[in-house]
Amino acid sequence: MAERDFSLDDILTKISEAYKNAETKVGQCNVLVIGKTGVGKSTLINAVFRARLAETGVGRPITQGIRQYTKENCPITVYDTPGLELDAEQIQQVQLEIAELIEDKRLLPVKEHIHVVWYCINHEAHRFEDIEEDWIKTLYLKEVPVILILTQAVSVDEEERSDFIFFLEKKNLPVSYVIPVLAESKRVGRYPVESYGLKRLVEATFELLPEVARKAFVKEQMASINLKAEAAFKYVTGYVASSALVGAAPIPFADSLILVPMQTTMLAHISVIFGMPFDKAFISTILSAIFGTGGVTASGRFIVTNLIKMVPGAGTVIGGAIAASTAATLTLALGLAYIELLKRYMKAKIHGETISLSDSSRIFIDLYKGYMQTGSRTLKQEETAPPPREINIE
């Protein structure tokens, strides 16, 4: 088989194709949000999802009491109960409409189901009425997981539990979680109060979602960058295993011909999970950095060849084993470095900052070399981050 090198344009084309293909496989996530007027549902929805689904005028009424929020090319649909006031007559009507919505969706494929309910009450009001408790119990009978969200929780922080939270917990409501949230920072008198609770909310929601909804939710949520990173790492491990098999093949130059498409597809999947649009300038910068450090080009064969020379009497079997190990190491370092770069990129974006293309290139090279030199096989863990957990989004 003749040796072939891949040009930058070749790889850009492959990544673009892989990106489009990956976007078609993210699935669909449908969230039902219930709560009184003024409880802060729109603020909550816009704080969680990057598409800002609850912007004025976007929602489409599907019944008298339910409005649907979605956007083109966004795999999230939010069903909201706008203008809900808890008088008995209106509650009965909206309860009926929601019950019919859940049942009607259940007759369709799983991706069309209502996957989770966010039931919102205002923490600062310290009120939970009997009719709300009855509604939550009714939702439980519909077999849709419910998270009770205590919105606008200014008087507590993420580490505290108020008397109102204790009160709700003692009721043993049929909910999966009770989570206080302050969706956006605000000032109370002279004192600023930082937002909190969103990361816990999205991670709890992720745990409750069916497989068909997980990729879509991870992609569109912006509250937990670590959740995106963990989901992306799940993909990387699969590509690492496949690249080891390619590296072990005793066919001259087969590693390059197969590894390049495999590794570029991996980069495309990571980009989609992070919700990154296909940006040719950004991708070109990263690929140029990779060319310079031997990530996806034929330079990987140079490394393998020199390793084999260090093994006296190395034959096909020994050489193949070393090539497999090297191919896996290259792919793992590439995936980990790219994930870490996107983590920094997304965090900067959330804080209204930007990382230039030249800085992106420098950061990526440093990360890639660091993973190659240390042989680390895991993502960098933040000091305050919980231990990594099993993520299944396949």
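**Packing and salt bridges around helix α3**

Glu103 has a relative accessible area of 31% and is therefore partly exposed, the limits for that class being 20% and 50%. The model is a predicted one. Glu103 takes part in a salt bridge with Lys142, in which the closest N and O atoms are 3.4 Å apart. This pair connects distant parts of the chain, with Glu103 in helix α3 and Lys142 in the loop between α4 and β6, 39 residues apart. Over the whole structure, 15 salt bridges are found.

Helix α3 comprises residues 88–106, and its 19 residues should span 27 Å at 1.5 Å a residue; the end C-alpha atoms are 27 Å apart, so the two values agree. The buried residues of α3 are Ile91, Val94, Glu97, Ile98, Ala99, Leu101, Ile102 and Lys105. Two charged residue types, Glu97 and Lys105, are thus listed with the buried positions of this helix. The elements covering these buried residues include strand β1 (29–35), strand β4 (76–80) and helix α4 (130–141).

Strand β4 is itself mostly covered, five of its five residues being buried. Ile76, Val78 and Asp80 point to one side of β4, whereas Thr77 and Tyr79 point the other way; all are buried. On pairing, β4 runs parallel to β1, to which five bridges join it, and Leu32 stands opposite Tyr79 of β4. Strand β3 (residues 67–69) is joined to β4 by three bridges, and these two strands run antiparallel. In β4, Val78 has Tyr69 opposite. Strands β3 and β4 form a hairpin with six residues between them, in which Asn73 adopts a positive phi near 65 degrees.

Positive phi values also occur at His126 and Glu143. His126, although not a glycine, has a phi of about 55 degrees and is located in the loop between β5 (116–122) and α4. With 47% relative accessibility, His126 counts as partly exposed. Glu143, likewise not a glycine, has a positive phi of about 60 degrees and belongs to the loop between α4 and β6 (146–151). Its relative accessibility is 67%, so Glu143 counts as exposed, a class that begins over 50%.

Further salt bridges were examined. Arg127 and Glu129 meet through their side chains, with an N to O distance of 3.0 Å. Glu129 is partly exposed, at a relative accessible area of 21%. Both residues belong to a network of salt bridges that also includes Lys36. Glu340 and Lys343 form another salt bridge, in which the closest N and O atoms are 3.5 Å apart. These two residues lie three places apart in helix α12 (residues 316–350), so about one helical turn separates them. Residues three or four places apart in an α-helix point the same way, because there are 3.6 residues a turn. Both Glu340 and Lys343 are buried.

The largest nonpolar core contains 88 residues, of which Phe49, Trp118, Phe274, Tyr338 and Phe364 touch the most other members. Helix α12 provides the largest share of this core, 14 residues. Apart from this core there is another, of 27 residues, including Leu32, Val117, Ile136 and Leu168. When residues up to four places away in sequence are not counted, Trp118 touches Val31, Leu32, Val33, Ile34, Leu44, Val48, Phe49, Ile147, Ile149, Leu201, Thr205 and Phe217. Leu32, a member of the 27-residue core, is thus among the residues that Trp118 touches.

Val48 and Phe49 recur in the surroundings of Gln221. Gln221 is located in the loop between α7 (211–220) and α8 (225–248). Its relative accessibility is 0%, so Gln221 counts as buried. Neighbours within four places in sequence left aside, Gln221 is in contact with Val48, Phe49, Val202, Leu227 and Lys228. A polar atom of the Gln221 side chain lies 2.9 Å from the backbone nitrogen of Ala223.

Definitions and conventions. Residues are numbered from 1 along each chain as its sequence is written. This is a predicted model: local features need pLDDT of at least 70, side-chain atom pairs count only at pLDDT 80 or more; totals for chains, interfaces and linings use all residues. Side-chain values use heavy atoms; hydrogens and water are left out. Helices (H or I, at least four residues) and strands (E, at least two) are DSSP runs, numbered from the N terminus. Buried means under 20% relative accessible area, exposed over 50%, partly exposed in between (1.4 Å probe, protein chains only). A polar contact is a pair of N or O atoms within 3.5 Å; within protein, one must be able to donate a hydrogen and the other to accept it, and residues adjacent in sequence count only if both atoms are side-chain atoms. Contact means heavy atoms within 4.5 Å. The expected span of a helix is 1.5 Å times one less than its number of residues. Two strands pair if DSSP finds at least two bridges between them. A salt bridge is a side-chain nitrogen of Lys or Arg within 4 Å of a carboxyl oxygen of Asp or Glu. A nonpolar core is a set of buried Ala, Val, Leu, Ile, Met, Phe, Trp, Tyr and Cys residues joined through side-chain atoms within 4.5 Å.
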